[in-house]
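Trainee: Please take a single strand of this model and describe it closely, together with the parts of the protein that surround it. I should like to follow the reasoning from one residue to the next.

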Amino acid sequence: MRPLAILCLLLSGIPASAQVGAPWRAAPGYLALFAPADGRAGAYRAYVSPLDLDRVLRGLEADRSLIQAPGAWRARPLPPADAFGQAGRYGRWALARLYGAQQPRVARGSRAEGGRVVESWTLVSPYPDTALRGLQAGTLLLVLRLP
């Protein structure tokens, strides 16, 4: 199955038991780090893939549910604090030390259903392990499901 098809299955609300499959896998350990500590945390999902960010983005090009706004879905280097935001409970200094002089590449965009934006996506590569001790090759996808 193509990466895009698997990604769409992962994010379509299919029960978790049906979501397992390469190249994406659910990664709930990242929610404790990067989702807000308040009641909004339940709206977030996290997935990881061994595919690099450019390959992931190429796979998403044909997905008509993705909103093609100016600047969306374009990878750019960002400081770690900008890549992961300020709402999570992760150690800002630990993450900064982990990346050092390197910056993660980040792509952001939104997905729509029925003409309404339903998800905001952040893709990050390379991404930290959940202990913030090493960088992982591949891509981390953080999804915020909008009400």
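Mentor: The account below gives the setting of one strand, then its partners, one of its residues, and the surroundings.

The model is a predicted one, with a mean pLDDT of 86 for the protein and 85% of the residues at 70 or more. Residues 1–21 have pLDDT under 50, and the model gives them 30 contacts beyond four places in sequence. The secondary structure consists of five helices and eight strands, in the order α-β-α-β-α-β-α-α-β-β-β-β-β from the N terminus. Of the 147 residues, 44% are buried. Among contacts with a separation of 6 or more, 62% join residues 24 or more positions apart.

The strand to examine is β5, residues 116–125. Seven of its ten residues are buried, so β5 is largely enclosed by the rest of the structure.

What pairs with β5 on the side of strand β4? Strand β4, residues 105–113, runs antiparallel to β5 and is joined to it by nine bridges. One of these pairings sets arginine 105 against serine 125 in β5. The β4–β5 hairpin has two residues between its strands, and glycine 114 there adopts a positive phi near 60°. Strand β4 also holds arginine 111, which counts as buried because its relative accessibility is 9%, below the 20% limit for that class. The side chain of arginine 111 makes a polar contact of 2.7 Å with the side chain of glutamate 113.

A further partner of β5 is strand β8, residues 139–145, with six bridges in the antiparallel sense. Serine 120 lies opposite leucine 144 of β8.

Threonine 122 shows how β5 meets its partners at a single position. This residue belongs to β5, and its relative accessibility of 13% places threonine 122 among the buried residues. Its side chain is in polar contact, at 3.4 Å, with the side chain of arginine 108. Apart from residues up to four places away in sequence, threonine 122 touches Ala83, Val106, Ala107, Arg108, Leu140, Leu141 and Leu142. Arg108 therefore appears both in the polar contact and in the list of residues touched, while arginine 108 falls within the span of β4 (residues 105–113).

Two of the residues touched by threonine 122 lead on to the nonpolar cores. The largest core has 22 residues, and Leu140 is listed with Tyr30, Phe34, Phe84, Tyr90 and Leu95 as having the most contacts inside it. Two or more residues of this core come from each of α2 (31–34), β2 (44–49), α4 (80–84), α5 (92–99) and β8. A second, separate core of 15 residues includes Ala107 and Leu141, along with Ala72 and Val143. In soluble globular proteins, nonpolar side chains tend to be buried together.

Helix α5 adds another neighbour to β5. Its buried residues are Leu95, Leu98 and Tyr99. These three cover an arc of only 90° around the axis, which puts them on the same side of α5. That arrangement fits a general rule. An α-helix has 3.6 residues a turn, so residues three or four places apart point the same way. The buried residues of α5 pack against β5, and also against α2, α4, β6 (127–128) and β7 (135–136). The face turned away from the buried side of α5 carries the exposed residues Trp93 and Arg97. Within α5, leucine 95 is in contact with Phe34, Pro80, Phe84, Tyr90, Pro128 and Leu132, its neighbours within four places in sequence left aside. Directly after α5, glycine 100 has a positive phi of about 55°.

Finally, alanine 46 shares contacts with the strand residue already described. Alanine 46 lies in strand β2 and, at 4% relative accessibility, counts as buried. Beyond neighbours within four places in sequence, alanine 46 is in contact with residues including Tyr30, Leu31, Leu140, Leu141 and Leu142. Leu140, Leu141 and Leu142 are also touched by threonine 122 of β5.

In summary, β5 is largely enclosed by the rest of the structure, and β5 is paired with β4 through nine bridges and with β8 through six.

Terms used. Residues numbered from 1 in each chain as written. Predicted model: local features only at pLDDT ≥ 70, side-chain atom pairs only at ≥ 80, totals over all residues. Heavy atoms only, no water. Buried < 20%, exposed > 50% of the residue type's maximum accessible area, 1.4 Å probe, protein only. Helix = DSSP H or I, 4+ residues; strand = E, 2+ residues; numbered from the N terminus. Pairing = 2+ DSSP bridges. pLDDT = per-residue confidence, 0-100. Contact = heavy atoms within 4.5 Å. Core = buried A, V, L, I, M, F, W, Y, C linked by side-chain atoms within 4.5 Å. Polar contact = N/O pair within 3.5 Å; in protein donor to acceptor, adjacent residues only side chain to side chain. Arc of directions from axis to C-beta.
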